[in-house]
Amino acid sequence: MSSYVKPAAAFKKLDAAKLLKQNVYIYGATGFGKTELVKQYFKNTKYIYILCRQNHCDLSPIPESSPHTVTVVIDNVNAAESPEIRNSILSLCGRKDLWVLIIGRSRMPSWLFNTFITKSMALITEDDIALSEEGIDQYMRSEGIILTEEELRYLKKCSEGNFYGLKYTARRLLSGDRIGNELYEQNSAMFQSYAINNIISEFNTEVADFLLKISIADDFTEQLAVMLTGNTDVLRLIERAMDAGNFIYEKNGVYTIRRQFIKALRKKASMDFSEKELHQYALLAGGYYESNNEDDRALEMYAAYGESDRIR
């Protein structure tokens with residue numbers, strides 16, 4: 001990052017965790033600067049960095065024992081799916097000679113939750129590292145861009161404080177573009193391509209297939225997920241999907257996928273599924289809405305996929 005804006009809340013939590021010798025779990029969606037936060041915090045300190053990739057996590061650089069505290073950072077922990085790797089990471093969290101910081105995309109992997117509680121780990125959230133309006137202003141000024149209060153509010157709302165998106169926005173503004181819907185759509189298309197190539201491609205095949213099918217709907221319940229996937233074990237798949245990243249929210253049994261991420265899933269679905277298959281998923285979703293007396297949603301679904309017979 002050329003112009004790093006220090007997230008005060010996250011640095012404060014790291015300072016406290018270091019003082020109390022607490023291990024730390026850091027989470028946030030792609031682009032919020034989780035890895036950069038750690039790099040900046042430890043820029044004058046030695047630490048062991050472990051990057052997990054598609055169920056491969058080489059922990060061999062970590063010494064079996066040490067007379068002094070060794071700082072260990074395990075990044076992209078969502079890629080660690082094998083029980084062996086997960087158990088090894090959990091064992092590291094129990095060692096007194098290590099200060100372990102784990103970085104992930106999901107709020108809290110289900111397999112880590114018990115250790116998080118029993119070992120009193122500290123938690124740094126997406127909100128702690130997201131740029132505020134003041135942070136956005138500071139970053140843009142460092143790039144030579146002066147924005148109005150209204151423009152800052154618009155950028156904060158659209159980007160959610162995601163540095164990756166804001167960095168792209170700064171480049172476009174320096175190229176002569178203006179803040180507005182056109183630039184927002186360019187940002188959205190850029191993120192969708194990134195998500196398809198760098199996030200969705202890393203998902204387990206079963207999880208990816210599940211997410212692509214349910215992305216036909218704006219939100220979903222367990223029952224709708226069963227209809228769309230034909231799999232009665234959807235709660236397990238939902239849990240695995242929520243472990244994979246911070247992009248699914250649940251409230252009163254209704255699951256919603258993050259706006260930009262569902263766009264990426266739909267783009268990927270249009271690439272992987274035939275038009276006939278997409279229409280079939282739309283019919284299933286529309287039928288579900290009809291059976292639950294949600295006629296407006298059923299009509300919207302049928303209209304989106306040209307199902308005039310079902311509309312009549």
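In the predicted model, Phe11 is buried, its relative accessible area being 11%. Tyr41 also falls in the buried class, at 15% relative accessibility. Across the whole structure, a search returns 14 aromatic pairs. Phe11 and Tyr41 form one such pair, with an edge-to-face arrangement in which the ring centres are 5.5 Å apart and the planes meet at 65°. Phe11 belongs to helix α1 (residues 8-20) and Tyr41 to helix α2 (residues 34-41), so the pair ties together parts of the chain that lie 30 residues apart in sequence. Both residues are also members of a cluster, joined by ring pairs, that contains Phe11, Tyr41, Phe42, Tyr47 and Trp99.

An edge-to-face pair is also formed by Tyr139 and Phe163; the angle between their planes is 65°, over the 60 degrees required for this class, and the ring centres are separated by 4.8 Å. Tyr139 lies in helix α6 (residues 133-142) and Phe163 in helix α8 (residues 163-174), and the pair thereby links distant parts of the chain, 24 residues apart. Tyr139 is buried, with a relative accessible area of 2%, and Phe163 counts as buried at 7%.

The largest nonpolar core comprises 42 residues. Within this core, the members that touch the most others are Phe203, Phe210, Leu211, Phe220, Ile257 and Phe261. At least two core residues come from each of the helices α9 (181-198), α10 (205-214), α11 (222-229), α12 (234-244), α13 (259-272), α14 (275-291) and α15 (295-304), and likewise from strand β8 (254-257). Apart from neighbours within four places in sequence, Phe261 is in contact with Phe191, Ala195, Ile199, Ile200, Phe203 and Phe247. A second core, separate from the largest, has 27 residues, among them Val70, Val77, Ile102 and Trp111.

Asp75 is located in strand β3 (residues 70-75). This residue is buried but has no salt bridge. The nearest side chain of opposite charge is that of Lys34, at 6.4 Å, whereas a salt bridge requires a separation within 4 Å. The Asp75 side chain does make a polar contact, at 2.6 Å, with the side chain of Tyr49. When residues up to four places away in sequence are left out, Asp75 touches Thr35, Tyr49, Ile50, Leu51, Cys52 and Ile103. Tyr49 is thus listed among the residues touched by Asp75 and is also its side-chain polar partner.

Terms used:
Residues are numbered from 1 along each chain as its sequence is written. This is a predicted model: local features need pLDDT of at least 70, side-chain atom pairs count only at pLDDT 80 or more; totals for chains, interfaces and linings use all residues. Side-chain values use heavy atoms; hydrogens and water are left out. Helices (H or I, at least four residues) and strands (E, at least two) are DSSP runs, numbered from the N terminus. Buried means under 20% relative accessible area, exposed over 50%, partly exposed in between (1.4 Å probe, protein chains only). Lys and Arg count as positive and Asp and Glu as negative; His and the chain ends are not counted. A polar contact is a pair of N or O atoms within 3.5 Å; within protein, one must be able to donate a hydrogen and the other to accept it, and residues adjacent in sequence count only if both atoms are side-chain atoms. Contact means heavy atoms within 4.5 Å. A nonpolar core is a set of buried Ala, Val, Leu, Ile, Met, Phe, Trp, Tyr and Cys residues joined through side-chain atoms within 4.5 Å. Rings of Phe, Tyr and Trp (its six-membered ring) pair if their centres lie within 6.5 Å; planes under 30 degrees apart count as stacked, over 60 as edge-to-face and the rest as tilted.
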